[in-house]
Amino acid sequence: MKIAKVYQPHTTSTGNISANILALCCCALTLLFGVVGFAVSLVLFFIERNSGLVKYYAMFSSVLWVAKTVLNAIFSMFQGRFSIGAFGVFSFHWGGSILFSLLRLLVALAVIAILVLGAIQAYQWKVWELPLLSNIVFAICNATEPAVYTGDGPVPPGCEPGSVSFGDATGQPPPSSSPYGQPPQYYTNAPPTQPYTQPPSVQPGQEYLHAPTQAPAQTPVPMQPPEQPSVGVPPADEPGYPGH
């Protein structure tokens, strides 16, 4: 067993999850579901952009499933019955020649062992290289669009753990197609308050640059005491005057 490369922890462009988990799923799906896992791994190989680890194990499990299917078809032809094992690597059949039945069983066990070991290595961020199988996988990976992170050097922007990836090396969101432009940005925290600045001191005599306009003074009018009502005193010639 040869380890060709060890990747640093990074995330994928497909779902923004850890790349070792998605690479492990490629092997596990092919092991358990056969043609369904093969289809899922093949789709992941073409849509994944960030992780070279995911692309490797997606094609690794796909090529292994195709090789197992071809061998099963050849053995079935010699046995007089045809079966490609479309529902997993466990689909081997007894019948016909015992030799080819044993060969089918050995192929199934070998594929199970390779996929289990490949899943373990994928979870540990390691590229497991097999002499013939990996040569085919590397040739296909080199003939297609390379991933952003191929395991060489530091993890590029947009692929770091915890970053939000949009499938490109910059990690920036695509331009909005809405006619209203980008949605408004809101503060996640309150903005910092500005420090208090004391106003400059005022020199004596300069309290007011412009004196306020005062209303003209009015001359107070002296108030006259109210007239006292006259007490009715009868005239001297009328009755009731004192002295009469």
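H1 and H2 run roughly antiparallel to each other, since their axes cross at roughly 155 degrees and anything over 145 counts as antiparallel here. This is a predicted model, and the pairing of these two helices is a handy place to start reading it. Helix H2 spans residues 35–47, and the H1 and H2 axes come within 6 Å. On the H1 side, the contact is made by Leu22, Cys26, Leu29, Thr30 and Phe33. Facing them from H2 are Val35, Val36, Gly37, Phe38, Val40, Ser41 and Leu44. Sorted by class, this contact has 9 nonpolar and 3 polar residues, with no charged residues.

H1 (residues 19–33) also packs against H4, which covers residues 98–123. Here the angle is about 170 degrees and the axes lie 8 Å apart, so H1 and H4 are again roughly antiparallel to each other. H1 brings Asn20, Ile21, Ala23, Leu24, Cys27, Thr30 and Leu31 to this contact. H4 answers with Ile112, Leu115, Val116, Gly118, Ala119, Ala122 and Tyr123. The residues of this contact split into 11 nonpolar and 3 polar, and charged ones are absent. Thr30 turns up in both sets of H1 residues, meeting H2 as well as H4.

Leucine 117 also sits in helix H4. Its relative accessible area is 36%, so it ranks as partly exposed. The C-alpha atom of leucine 117 is 9.2 Å from that of cysteine 27, although 90 residues separate the two along the chain. Cysteine 27 itself is one of the H1 residues that meet H4.

Stepping back to the whole chain, the secondary structure amounts to 5 helices and 2 strands. Along the sequence, these follow the pattern β-α-α-α-α-β-α. Of the 244 residues in the protein chain, 33% are buried. About 16,500 Å² of the chain is exposed, and carbon and sulfur atoms account for 66% of that area. As for contacts between residues at least 6 apart in sequence, 65% join residues at least 24 apart.

Two residues other than glycine stand out for their backbone. Most residues of that kind have a negative phi. Asparagine 16, however, has a positive phi of about 55 degrees. Asparagine 16 lies in the loop that links strand S1 (2–6) and H1. With a relative accessible area of 30%, asparagine 16 is partly exposed. The other case is tryptophan 125, with a positive phi near 65 degrees. Tryptophan 125 belongs to the loop between H4 and strand S2 (126–129). Unlike asparagine 16, which is partly exposed, tryptophan 125 is buried, at a relative accessible area of 13%.

Further along comes helix H5 (residues 133–143), which holds serine 134. Serine 134 is buried, its relative accessible area being 0%. Leaving out neighbours within four places in sequence, the contacts of serine 134 are Tyr56, Phe60, Trp128 and Glu129. Trp128 and Glu129 fall within the range of strand S2 (126–129).

Past H5, glycine 151 sits in the segment that follows this helix. Glycine 151 is buried, with a relative accessible area of 14%. With residues up to four places away in sequence set aside, glycine 151 touches Lys5, Val6 and Tyr7. Lys5 and Val6 fall within the range of strand S1 (2–6). The C-alpha atoms of glycine 151 and proline 9 are 9.7 Å apart, with their positions 142 residues apart along the chain.

A word on confidence is in order. The chain has an average pLDDT of 75, and 58% of its residues score at least 70. Over residues 82–87, pLDDT stays under 50, and the model gives this stretch 19 contacts beyond four places in sequence. Residues 164–174 form another stretch where pLDDT remains under 50, here with 22 contacts beyond four places in sequence.

Note on methods:
Residues numbered from 1 in each chain as written. Predicted model: local features only at pLDDT ≥ 70, side-chain atom pairs only at ≥ 80, totals over all residues. Heavy atoms only, no water. pLDDT = per-residue confidence, 0-100. Contact = heavy atoms within 4.5 Å. Axes fitted to C-alpha atoms, helices over the stretch in contact; angles between N-to-C directions. Helix = DSSP H or I, 4+ residues; strand = E, 2+ residues; numbered from the N terminus. Parallel < 35°, antiparallel > 145°, perpendicular 65-115°, else oblique. Nonpolar A, V, L, I, M, F, W, Y, C, P; charged D, E, K, R; others polar. Buried < 20%, exposed > 50% of the residue type's maximum accessible area, 1.4 Å probe, protein only. Areas by Shrake-Rupley, 256 points an atom, 1.4 Å probe, with all protein chains shown as cover.
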